[in-house]
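Me: I would like to learn how to read a protein structure, one feature at a time. Please give the general idea first and then the case at hand.

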Amino acid sequence: MKVHAIQTGTVAVKTRQREGLGRGKRRLANTFLDRQWTDRLPILAWAIEHSEGLIVVDTGETAGTSEPGYFPRWHPYFRTGLREWVAPEVEVGPQLDRLGLSPREVRWVVMTHLHTDHAGGLHHFPDSEILVSRVELDNASGRMGRVRGYLNNRFPEWFDPRGIDFLAEPVGPFPESFTLTAAGDVRLVPVPGHTAGQLAVVVEDGGCSIFFAGDSSYTEDLMLSGAVDGIAPDEVAARRTLERIRTYAGETPTVYLPSHDPDSATRLTQRRLADAAARGPAHEVRD
Ligand SMILES: [Zn+2]
């Protein structure tokens with residue numbers, strides 16, 4: 001199966017967003033008070049050339065973010081916690097065109113979650129079926145959605161995705177899943193933590209699993225060490241998700257692809273596997 005990494009610009013966040021410091025409310029406060037920015041990290045979307053149709057996982061960010069007033073000034077995260085660099089030609093639509101894959105031909109757009117740097121390119125896919133977990137959709141909607149940091153006022157007018165309810169069909173340590181393809185080789189699993197409704201896309205290809213993790217962690221190492229990020233609303237769920245991913249990668253040869261890992265694209269090209277067995281004990285929380 002041909003799979004493409006599509007980098008739609010770069011993003012910087014606080015270092016303590018990438019790896020949370022402390023527990024509970026203090027973890028969130030530490031992220032906001034942090035003055036140290038990460039390097040510019042990739043904003044990745046993915047295209048999967050499946051025999052049943054073209055699948056896009058996440059849509060990256062839009063160049064519209066550089067326009068004054070795009071982000072709500074009243075929201076502390078957008079005022080202090082996020083910097084982005086996106087040129088019009090690196091949006092997902094033009095990049096698909098350059099790969100010879102028209103956005104109009106995309107059958108499914110699967111959203112890991114609806115944060116701006118994953119949903120910013122939605123406007124390129126008016127003809128595709130868009131899938132979002134039901135929990136994510138509920139959490140992203142309305143005024144409370146905007147308080148949670150979803151820019152739902154920027155979603156396209158026609159945006160009316162299919163809400164996914166997971167079934168009790170386990171995938172390794174994941175107790176529930178949703179099978180997307182008739183062949184059964186593309187499955188969605190809930191990975192709550194970074195957001196309550198986040199999902200991951202698991203593609204079986206040539207004896208290994210390609211695991212599109214969204215923002216389950218910011219790097220492979222942070223997944224293997226079980227480090228919860230600095231903004232996840234549910235720390236317990238986040239920790240359990242990281243443990244499940246690590247268990248999965250220990251049982252099944254897995255190429256692990258978070259959306260902002262500078263090494264994700266290379267790992268995909270080389271089909272380099274996560275070495276879950278080689279790691280020590282899970283992450284210890286420092287204060
Ligand atoms: Zn996110």
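Me: How many salt bridges does a search of the whole structure find?

Reply: Side chains of opposite charge can pair when their charged atoms come close. This is a predicted model, and a search of the whole structure finds ten salt bridges in it. One of them is between the side chains of Arg-27 and Glu-235, with 3.2 Å from N to O.

Me: Why does the pair of Arg-27 and Glu-235 tie together parts that are apart in sequence?

Reply: Look up where each partner sits. Arg-27 belongs to helix α2 (residues 24–33) and Glu-235 to helix α9 (residues 235–251), so the salt bridge ties together parts that are 208 residues apart in sequence.

Me: Are Arg-27 and Glu-235 buried or exposed?

Reply: Both Arg-27 and Glu-235 are buried. The word buried is used for a relative accessible area under 20%.

Me: Which residues are joined with Arg-27 and Glu-235 into one network?

Reply: Salt bridges can share partners. Here such sharing joins Arg-23, Arg-27, Glu-235 and Arg-239 into one network.

Me: What is the distance between the closest N and O atoms of Asp-127 and Arg-104?

Reply: Asp-127 forms a salt bridge with Arg-104, and their closest N and O atoms are 2.8 Å apart. Asp-127 lies in the loop between α5 (116–119) and β6 (129–133), while Arg-104 lies in the loop between α4 (92–98) and β5 (106–110), so this pair ties together parts that are 23 residues apart in sequence. Asp-127 counts as partly exposed because its relative accessibility is 49%. Arg-104, at 58%, counts as exposed.

Me: Where in the chain are Glu-204 and Arg-187?

Reply: The side chains of Glu-204 and Arg-187 meet in a salt bridge, at 2.6 Å from N to O. Glu-204 is in strand β10 and Arg-187 in strand β9 (residues 186–190), so far as the chain goes 17 residues apart. Glu-204 is partly exposed, with a relative accessible area of 36%, whereas Arg-187 is buried, with 18%.

Me: Now to the strands. How many helices and strands are there in the chain?

Reply: The chain has ten helices and twelve strands. For a sheet, read the order of its strands, then its edges. One open sheet has seven strands in the order β4-β1-β2-β3-β5-β6-β7, and its pairing is mixed. Its edge strands are β4 (82–85) and β7 (162–164), each of which pairs on one side only. Neighbouring strands of this sheet are turned against each other by 25 degrees on average, direction ignored.

Me: In what sense do strand β1 and strand β2 pair?

Reply: Strand β1 (residues 2–13) and strand β2 (residues 41–50) pair in the antiparallel sense, over eight bridges. To follow one bridge, start at Val-11: its bridge partner in β2 is Leu-41.

Me: What is the order of the open sheet that five strands form?

Reply: The order is β8-β9-β10-β11-β12, again with mixed pairing. The edge strands here are β8 (178–179) and β12 (254–258), and each pairs on one side only. Inside this sheet, strand β10 (residues 199–205) pairs with strand β11 (residues 208–214) in the antiparallel sense over five bridges. The bridge partner of Val-201 in β11 is Phe-212.

Me: Which residue other than glycine has a phi near 65 degrees?

Reply: Most residues other than glycine have a negative phi, and most peptide bonds are trans. Asp-58 has a positive phi, near 65 degrees. Asp-58 is placed in the loop between β3 and α3 and is buried, with a relative accessible area of 0%. Arg-271 is not a glycine either, and has a positive phi of about 50 degrees. Arg-271 is found in the segment after α10 (264–270) and is partly exposed, at 27%.

Me: Which residues make the nonpolar surface patch?

Reply: Trp-74, Met-144 and Val-147 make a nonpolar surface patch of about 300 Å². Of these, Trp-74 has its place in the loop between β3 (53–57) and α3 (76–80).

Me: Last, the overall form. What radius of gyration does the chain have?

Reply: Compare the value with that of a compact globule. For 287 residues such a globule would have a radius of gyration near 19 Å, and the chain has 18 Å, which agrees. Along its principal axes the C-alpha trace spans about 50 × 45 × 35 Å. Of the 287 residues, 58% count as buried.

Key: Residues numbered from 1 in each chain as written. Predicted model: local features only at pLDDT ≥ 70, side-chain atom pairs only at ≥ 80, totals over all residues. Heavy atoms only, no water. Patch = residues over 30% accessible without salt bridge, like charges linked within 9 Å, V, L, I, M, F, W, Y side chains within 5 Å. Areas by Shrake-Rupley, 256 points an atom, 1.4 Å probe, with all protein chains shown as cover. Salt bridge = Lys/Arg side-chain N within 4 Å of Asp/Glu carboxyl O. Helix = DSSP H or I, 4+ residues; strand = E, 2+ residues; numbered from the N terminus. Pairing = 2+ DSSP bridges. Axes fitted to C-alpha atoms, helices over the stretch in contact; angles between N-to-C directions. Rg over C-alpha atoms; globule rule 2.2 N^0.38 Å. Buried < 20%, exposed > 50% of the residue type's maximum accessible area, 1.4 Å probe, protein only.
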